[in-house]
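Let's walk through a few spots in this one where the backbone or the surroundings deserve a second look. Have the viewer open and follow along.

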Amino acid sequence: MAVPTKLGKIILRIATGLVLVLLVAAVALWLKPPDILRVGANYAAKIVCSNVFLAGRDPDEVLRTDVQAPGIPLLGFMRVSVDRDRRVVRAGLLGFIGGGLALARPGTGCAVVPDGNLDFASHVHSVPARPAEAHAGTRTDAHSGAVWPEGSTVATTAALDRLLTDDTLAGPGMRAIVVVDHGRIVAERYAPGFSATTPLLGWSMTKSVVAGLVGVLIKEGRLTLDRSAGWSAPDGGRERIRIADLLAMSSGLRFNEAYGAVSDVTRMLFLQPDMPGFAREQPLVHPAGEFWSYSSGTANILSRIVQDAAGGLAAAYPTEKLFKPLGMTSATMETDEDGTLVGSSYMYASARDWARYGLFLLQDGVWQGQEMLPRGYVAMMASPVAASDGEYGHGLVWLWGSHAVTPGRNPDAAFGIPADIFWMEGHDGQSTAIIPSRQLVIVRLGLTPARDHFHPQPLVKAILEATRR
């Protein structure tokens, strides 16, 4: 009997030791979590916050389907809590490790608060909330009795609606598709739980909206393409960076856009209270205007320039000068903790409102007879940046859909898509195809990770064939 008793004591000591080790590790992680855990926790807090306070969705469902379902192991252990009274969302590994924190502010949606300073973040100047924001998830189009795009009345085509029911064309994780032909919605589809009024995240499609804001400011005489991007004194070549270089993703500043770990883009979006400040500090590794490199930091530098040029309107500028005139009642461009628009990534709008913006570009920046962008500005946006080998335009738009299967070869060509197409594209399968020669705008939104290998060209091809006149 002595042996089992001795063995039992040994097992107990080992178990006690393991528990102590785990407790010490948990406390250490809680006190000083590594950046990867902080990125994951802030990502979870931000996604849940925006979907709860802008889209009116259930936080548990958002955590399950938007944060955890894509299959990133770390995110599967995130837990969130929502304080609706204070409009605060906290998240962390197992609920307490990582310090994820996001705050919903009137008029500018949710902001990550990576330094934990809620008192400061709560007092950053926001903008007046629109009436619909107080009732997230129940937004309506302006003048709802009128025909879209003036209102929300649409008359879709049965054959096109049937076409959109093809799950292979729609792609896994599809949440909304809207097809606009000659200025009218002719087909649309929504996944269960989503509707024509649900604000959806466009991710990097937001960059193309920033380009539009720059155009509005140029039209108002507040900016020029040749204007310095802000480095006025000699600064190792940075003073040569122009607004035109930023719009063409050719600033020459180094920026790691990889999303797999703690990179420049994830550090900026989830660990920095001042995102454009972080982007501006990156080293200059190429002469301005000579080298193309896709960078979310570049778009946020432009966001700060937009706000500075907008003067007193600042963060309200997109709403007052773009969203309201276009009737985009669901649209919100969110800000960082310090109050700068996150023009790289954080705009929520319904699929119909994303389609309104696409139609605005299709019409060369003219809306209901009002010329809101300089004449020829959209053509400039869609003109190829030579250093991108024709893949990217001079105004934060893609000229090739999705990513090329063969490097250096336009993937659209294999589908017979007109050469004048240009694209707004975003993370996890967001896209808006704009085809001037066919007067078509095709919006596709969802949660479709790159591992699903979804490409929008087959959908665009099918719609092109079905709408041929």
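**Four stops along the chain**

Start with Ser350, which is buried, with a relative accessible area of just 1%. Keep in mind as you go that this is a predicted model. Ser350 sits in the loop that runs between strand E9 (347–349) and helix H13 (351–362). What does Ser350 touch, leaving aside its neighbours within four places in sequence? Its contacts are Ala196, Thr197, Thr198, Pro199 and Leu200, plus Ser330.

Next come some backbone oddities. As a rule of thumb, most peptide bonds are trans, and most residues other than glycine have a negative phi. Now look at the bond joining Trp148 and Pro149: that one is cis, with omega at about 10°. You'll find Pro149 in the loop between helix H4 (118–123) and helix H5 (158–164).

On the phi side, Ala314 is not a glycine, yet its phi is positive, at about 45°. Ala314 belongs to the loop between helix H11 (296–310) and helix H12 (317–326). Is Ala314 buried or exposed? Its relative accessible area is 18%, and the cut-off for buried is under 20%, so Ala314 counts as buried.

His453 is another non-glycine residue with a positive phi, this time near 55°. Look for His453 in the loop between strand E14 (440–446) and helix H15 (457–466). Here the relative accessibility is 62%; exposed means over 50%, so His453 goes down as exposed.

Methods:
Residues are numbered from 1 along each chain as its sequence is written. This is a predicted model: local features need pLDDT of at least 70, side-chain atom pairs count only at pLDDT 80 or more; totals for chains, interfaces and linings use all residues. Side-chain values use heavy atoms; hydrogens and water are left out. Helices (H or I, at least four residues) and strands (E, at least two) are DSSP runs, numbered from the N terminus. Buried means under 20% relative accessible area, exposed over 50%, partly exposed in between (1.4 Å probe, protein chains only). Contact means heavy atoms within 4.5 Å.
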